[in-house]
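I opened this model to look up how its helices, strands and domains meet, and I kept the entries in the order in which I worked.

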Amino acid sequence: MIDSKIKDIILKARGEARKQGITAALFLHREDSNLIRLGNSAVALSTSEELTRFSVEVVNGRRVGAYSINADVNSLDIVMDALNRANENCLESPELDYQPIPSEVEEDTADYTGYDPQMISLTAEDKTTVCSKIIKSMPDKYSFSGSWSSGETEVFLATTVNDNCAYRKLSDGVLKIVMKNNIAGWEIAADQTGKNRADFCADAAVSHINALLSIYENNPGYQTVIGKQPVVFGPDAIAEMLTMALWGGFIGRYWEEKRAFTSSNSFGDMLFAPSVNIYDDPACPDTFGYPFDFAGRKRSKFDFVKDGAFAGLIYDNATAAKYGKKPTGHDIGTMDIVFATGDAVPGLENALAQVGDAIYIPQLHYLHLPDPTRGQITGSSRFNAMRVVGGKFAAPLLSTRVTDTILNIFGSITAISAKSVPINISSTYGRRSPEVISVPEYIICSEVRISDVADSF
Amino acid sequence: MNNEMTGEIRRQFDRVLAAGCSWADIRIYIEDATESLYLDDGNLEGNSASLSSGMGVRVLYRGAWGFAATAKMENMAECFNRALNNARAAAELPGFPKDSGDVVKVAGKYESPVVTDPFTVKLKEKTDFMRAIDAKLQNEHIEHRTVSLYFQKRIVHYFNTDGTEYQRKIINNFADMSVMAADDEGRTQQRSCELAGNGKGTRGFEWLADSNFAGNADRINAELAELLTAPKLPAGKRSVILLPGQGFLQVHETIGHALELDRILGYELSFAGGSHVKPDMIGKLSFGSEKLNAYAGFTSNSPGTFGLDDDGIPQSEYPLIKNGLLVNVLSCRGDIKEANHVAGRDVMKSSGGASRSCAFYRPPIDRMTNINVAPGNDGTLDDIIAATEDGIIMDVPVSWSIGSNREHFHFGCEIAWEVKNGVKGKVFKNSTYHGHSLPFWHNLDKVGDITTWKLQQVANCGKGEPNQIMEVGHGIPVMRFADVDTGEE
């Protein structure tokens, strides 16, 4: 449970706010993060950060104000200072022309389901040992880079609206190893993610790299042709495209402002292939399972796309207030997104056999939306991409740019693997925000536009 | 900084040096404040402020870096211990030994040029300013309007074992406005404008008025009206004229990031990516046409100016690309020897003073500062238009996607104007262009004069693990490129 002293301080501040008639949400985010960064087969950097962020949001009639601190939150004075500053911001603020929705913890919650103390005991030395084992398993001629981040995150939310509190403690980690041939220029990557210490293993990383190595070592890079062709997308690429799809098509605010590629659609309209189901589900075991959002709403399964049809839009508190809608439990930087598995036989070899001749793109780099209103995305292949001939990997693929619409890509899906894969899309911008998307091991798309090819990896 | 704290820092330095460290530093953030205001269709929807304080400690032990951070000021010794333990663990898997290089002892301070600290200005004055712009943005064809202001203040004390003691007081001032409306296909188009300048003057709250930022409201309003009935840019090869509002991103993504030494050496491969540039190319690589002169600038009114970097190296102005030839890259002090070793010759003499951290809780990494392109001698924007037979003028990014080694790119822009036979003509919507970095820069065939040069601010450059957002500046003239692939099939 959250440090009892800090909890007491926050609850005392809540009491003070109530006495003063302030409607406030008090939110604490604490992290203990550790990371090693590999470069040129060495640990190039080893870091650890213990951080506590405390933020207050105040609603007064039609006014809003917020204040946050990243400091040593150890006294009522510090917490009250933040509360008072948020309140001052609010009081000085002009009125909105709609009624803002204050945060409210719907259910008293204390969640530890994603916490593994062994993960937290993982030291820089432990990580170095595992990485050293991976590196020493491979020939000296290769250079290794990567990173391994792990840590624990606690969040605690209390509001003046009721006596409920919401608390979550989560451990998480993500390991990425990249093996590079500095002469040929290619890179093979292996990723691992999880909530538990047991999710990380040197042998699995070595095995993953070895499975692709002979193709890279024995074949020159292949430059594919510009134009439409079948593509087998692997899990990271699916997660990248899914993230873009959600951003470009399923954010209520963008839909209301006609900036979404779904803005001309209504719920029930077919968007993608009928086999596509996309939802947010905190109960999915692959994801980190956020039981409440940071406005205190209890989170549950939420459909975005059901059997290919448009099914839902995200409304955060501010957007819901502005457009007169009900918030959907998405006042949170992270979700538990699932691209549901299909009925295709698991195993990449089965995907390749189905497709015959194609390209395999397991990861996409720097995806963006040149035309959000059409759902047009662009990004280029990165690690582990291959040419597929006769149902088998034939050569590593040189850097290949995909520029097409999400509607075309997810609309041309002919097969979805029955196996799911957790893909870590966490970020540590500002604060530790663990996030995993559950996606199929592969999807096969019959027709994807390749807009550019390079002569390098 | 009181004497007691300074004395404690010196004691900790002595302790880690005695424990085998070759170098150490500490950054103490006394005040790291932000204020963010967001006016959405006239409503102050975003009204938040933040304050951070704490310390970040870095030690170099047997050629390996260790870093630790804490907000608990009384825990300095423990923070040094954690940094040392991290470095010891890193040293168990050693690579090319990191090295702090020659001793560089600096004393002094840097303060951003400011008349009025924006944090002293009342909220009402700020919201009145925003509302005045919002009123100008209102028009019958406008469906959605935004105005935002974002202020930063950082007071940082820096110490290292070279004996350096330095104070930075940085103030940043960002602003933007946008208008949106659905076009004749029912799809929303946008025009926006960010606060930019000429690199001179002061950057406090007064800059918002001095720069006549509000004066852009009428322009973007009128340009959006044109976009609403404009055709989509047809695909084709043609000359592209980049205004500074787009040129800055071209420079940022395909020169700035490509020339960061940590990317060049492979330290960012697993996240941000690598670079097509290799250390032995310094002094040899023809990066672009002879018209290309890019440099790391000490531009007074810019978020990329800070005085002393987070390695304790004074910021300076130096060329990166001279008449098209790559002559230097962006670097920190720890990687110079490795770059020379990899190149097999001395390609770099000293740090480029580009080691920067975004917060007390993040370690410094190689970063852009002010990556500027020098004005050329091809005249004004009108002169360049007049000299263009078949081209497109492009402005303001919508999207940016770059290859993992910065070798190719694809950009989308808010607006484009046709140029035919030397005359600027109709507007196109949904304009994009793409290319490969080196051929593209070799096709740079016109560079505008100083009248076209603008200092664009970037508030959100993301890089590094743990992730960091950094503020940088780009002074950019109008640039024309020949034979560019534009539009989508």
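**Entry 1: a helix pair in chain B.** I began with helix α1 (residues 3-18) and helix α2 (residues 76-91) of chain B, which pack at an angle of about 30 degrees with their axes 10 Å apart. Angles under 35 degrees count as roughly parallel, and I therefore noted α1(B) as roughly parallel to α2(B). I entered the crossing of these two helices, α1(B) and α2(B), as right-handed. I should add that the model is a predicted one, and I read each entry with that in mind.

I then listed the residues at this contact, where B:Glu8, B:Gln12, B:Arg15 and B:Val16 of α1(B) meet B:Met76, B:Ala77, B:Phe80 and B:Leu84 of α2(B). Sorted by class, the contact of α1(B) with α2(B) has 5 nonpolar, 1 polar and 2 charged residues.

**Entry 2: a helix pair in chain A.** I turned next to helix α4 (residues 124-136) and helix α5 (residues 202-218) of chain A, for which I found a packing angle of about 30 degrees and axes 9 Å apart. I therefore put down α4(A) and α5(A) as roughly parallel to each other, and I recorded that α4(A) passes α5(A) in a right-handed crossing. On the side of α4(A) the contact is made by A:Val130, A:Lys133 and A:Ile134, and on the side of α5(A) by A:Ala202, A:Ala205 and A:Val206. The class count for the contact of α4(A) with α5(A) came to 5 nonpolar, no polar and 1 charged residues.

**Entry 3: a sheet in chain B.** I traced an open sheet of 4 strands in chain B, in the order β12-β11-β10-β15, with antiparallel pairing. Its edges are β12 (325-326) and β15 (371-373) of chain B, each with a single partner strand, so one side of each is left without a neighbour in the sheet.

I followed one pairing further: strand β10 (residues 294-296) of chain B and β15(B) pair in the antiparallel sense over 3 bridges, and B:Ala294 has B:Val373 in β15(B) as its bridge partner. Helix α6 (residues 244-256) of chain B lies across β10 and β15 of chain B, and I noted that it runs at about 115 degrees to β15(B).

**Entry 4: the domains of chain B.** I took chain B as divided into domain 1 (3-227) and domain 2 (236-486), and I found the C-alpha centres of domain 1 and domain 2 of chain B to lie 21 Å apart. The contact takes 48 residues from domain 1 of chain B and 38 residues from domain 2 of chain B. Among the elements that each supply at least two residues of the side of domain 1 that touches domain 2 are β1 (21-40), β5 (144-160), β6 (165-182) and α5 (216-227) of chain B. I counted this side of domain 1 of chain B by class as 17 nonpolar, 16 polar and 15 charged residues.

**Entry 5: where the chains meet.** How many residues of chain A are in contact with chain B? I noted 75 residues of chain A, in contact with 72 residues of chain B. Strand β2 (residues 42-60) of chain A gives the most to the side of chain A that touches chain B, with 11 residues, and the residues of that side divide into 24 nonpolar, 33 polar and 18 charged.

I closed with the strands that pair between the chains: 5 bridges join strand β3 (residues 63-70) of chain A to strand β2 (residues 43-61) of chain B, and the two run parallel. I also noted that A:Tyr67 stands opposite B:Ala49 in β2(B).

Conventions
Residues are numbered from 1 along each chain as its sequence is written. Chains are lettered from A and ligands numbered from 1 in the order in which they are written. This is a predicted model: local features need pLDDT of at least 70, side-chain atom pairs count only at pLDDT 80 or more; totals for chains, interfaces and linings use all residues. Two residues are in contact if their C-beta atoms, placed from the backbone, lie within 7 Å. Ala, Val, Leu, Ile, Met, Phe, Trp, Tyr, Cys and Pro count as nonpolar, Asp, Glu, Lys and Arg as charged, and the others, Gly among them, as polar. Two strands pair if DSSP finds at least two bridges between them. Axes are lines fitted to C-alpha atoms, for helices over the stretch in contact, and angles run from 0 to 180 degrees between N-to-C directions. Angles under 35 degrees count as roughly parallel, over 145 as roughly antiparallel, 65 to 115 as roughly perpendicular and the rest as oblique. A crossing is left-handed if the near helix is turned anticlockwise from the far one by less than a right angle, and right-handed if clockwise. Domain bounds come from an automatic or database domain assignment.
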